[in-house]
Amino acid sequence: MKVRKAVFPVAGLGTRFLPATKSSPKEMLPLIDKPLVQYVVEEAVASGIEQVLFVTGRGKRSIEDHFDISVELEAHLNGQGKARELSSVRRIAEMAEIFYVRQRQALGLGHAILCARDFIGNEPFAVLLGDDIIDSQRPCLRQLLDVFEEHNGSVLALEKVPMENISSYGCVRATALSDRVFDVLDMVEKPSRAEAPSDMAIIGRYVLTPAIFDILMQQQPGKGGEIQLTDAVLTLSKEEKVYGCLFEGLRHDCGDKLGFLKATVDMALKRDEFREELSAYLRERLG
């Protein structure tokens with residue numbers, strides 16, 4: 001089946017960016033001139049996704065407003081003759097069909113995905129986490145969908161990370177089917193360096209079959225007392241094939257302050273309007 005739907009869990013509190021996220025969602029932090037969440041929705045749409053579900057919580061209303069039509073703003077821009085700006089804000093509301101559901105309790109990523117069950121129905125679907133901004137020629141999610149369409153099984157985005165950082169991720173034990181496609185045999189959520197089965201970490205992009213929902217319904221809380229998606233996918237891998245895709249592209253961890261700063265610099269340097277002056281400024285500051 002074609003994957004038409006994507007789930008965006010955005011109910012988190014964003015405590016690592018306090019006080020900036022005290023009254024504004026982390027997902028709305030601007031990366032140059034677009035909020036983080038817009039980059040990820042654009043990736044999904046460019047990959048062929050038609051319908052998007054945000055799993056939200058309290059204080060996330062600005063996400064809904066961002067992807068809605070703004071009659072007053074559009075009228076103002078039209079009256080000012082700002083055609084380029086008008087086109088850019090209209091495009092946001094027209095990218096895809098957008099839906100919302102509330103996660104009433106913060107019980108983990110697995111629980112957030114379970115909240116999407118009625119929306120997804122009996123279809124395969126994508127999950128995208130807004131912390132990871134992936135800069136690539138071919139959208140990261142599209143790379144996963146290619147693997148899904150070839151192998152007809154759930155797919156995890158994988159990235160090789162330094163072993164000293166592996167405890168910050170879920171990671172996999174897997175057998176290579178090609179340079180970038182793997183048969184996933186085991187998964188461990190945030191292991192110690194000694195416990196880690198490899199240096200291949202699970203990154204915030206997934207393509208999942210609907211069989212995951214029955215597993216999540218029975219899933220017991222794991223690390224942190226939360227319902228872990230990694231634990232549920234591990235159970236799924238015992239029932240059907242799960243694959244890993246070592247994606248091509250540069251991932252920016254925008255859930256981390258330094259990662260967010262690096263993303264801002266890298267993305268700005270890619271734009272003609274900033275590249276020359278920003279490069280000169282950085283050379284001057286760095287001596």
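A charge sits over a ring if NZ of Lys or CZ of Arg is within 6 Å of the ring centre and within 35 degrees of the ring normal. Keep that in mind for the opening exercise, and remember that this is a predicted model.

**Exercise 1. Find what lies over the rings of Tyr39 and Phe119.**

Step one: go to Tyr39. The charged end of Lys34 sits over this ring, 4.4 Å from the centre.

Step two: go to Phe119. Here Lys5 lies over the face of the ring, and the distance to the ring centre is 5.0 Å.

**Exercise 2. Work out how the rings of Phe17 and Phe260 are arranged, then do it again for Phe125 and Phe213.**

Step one: set the scene. There are six aromatic pairs in the structure.

Step two: take Phe17 and Phe260. Their ring centres are 5.8 Å apart and the planes meet at 75°, so this pair is edge-to-face. You'll find Phe17 in the loop between β1 (5–9) and β2 (30–31), while Phe260 belongs to helix α10 (residues 257–269), so to speak a long walk of 243 residues along the chain. Both of these residues are buried.

Step three: take Phe125 and Phe213. Here the centres lie 5.2 Å apart with the planes at 10°, so the pair is stacked. Phe125 comes from strand β6 (residues 125–128) and Phe213 from helix α8 (residues 211–218), 88 residues apart, so distant parts of the chain are linked. Phe125 and Phe213 are buried too.

Step four: look for a group. Phe8, Phe54, Phe67 and Tyr100 make up one aromatic cluster.

**Exercise 3. Describe the surroundings of Val207, from its strand out to the core.**

Step one: look at strand β11 (residues 200–208). Nine of its nine residues are buried.

Step two: find the partners of β11. Strand β6 runs antiparallel to β11 and is joined to it by four bridges, with Phe125 standing opposite Leu208. Strand β8 (residues 154–160) is also antiparallel to β11, this time with six bridges, and Val155 stands opposite Val207.

Step three: list some contacts. Leaving aside neighbours within four places in sequence, Val207 is in contact with several residues, including Val3, Phe125, Leu141, Phe148 and Val155.

Step four: zoom out. The largest nonpolar core has 51 residues, and Val207 is among those that touch the most other members, along with Phe8, Ile49, Phe54, Phe67, Leu128 and Leu141. A second, separate core has 32 residues, among them Val7, Val55, Ile113 and Leu216.

**Exercise 4. Decide whether Cys171 is bonded or not bonded to another cysteine through its sulfur.**

Step one: recall the idea. A disulfide is a covalent bond between the sulfur atoms of two cysteines.

Step two: bring in the cut-off, which is 2.5 Å between the sulfurs.

Step three: check the distance. The closest cysteine sulfur to that of Cys171 is in Cys245, 17 Å away, so it's too far for a bond. Across the structure, the count is zero disulfides.

**Exercise 5. Sort Cys115, Cys171 and Ser70 into buried or partly exposed.**

Step one: you need the limits. Buried means under 20% relative accessible area, and exposed means over 50%, with partly exposed in between.

Step two: compare. Cys171 has 0% relative accessibility, so it's buried. Cys115 has 23%, so it counts as partly exposed. Ser70 has 27%, which makes this residue partly exposed.

Step three: place Ser70. It lies in the loop between α2 (61–66) and α3 (71–79).

How values were computed:
Residues numbered from 1 in each chain as written. Predicted model: local features only at pLDDT ≥ 70, side-chain atom pairs only at ≥ 80, totals over all residues. Heavy atoms only, no water. Buried < 20%, exposed > 50% of the residue type's maximum accessible area, 1.4 Å probe, protein only. Phe/Tyr/Trp six-rings, centres within 6.5 Å; stacked < 30°, edge-to-face > 60°. Helix = DSSP H or I, 4+ residues; strand = E, 2+ residues; numbered from the N terminus. Core = buried A, V, L, I, M, F, W, Y, C linked by side-chain atoms within 4.5 Å. Contact = heavy atoms within 4.5 Å. Pairing = 2+ DSSP bridges.
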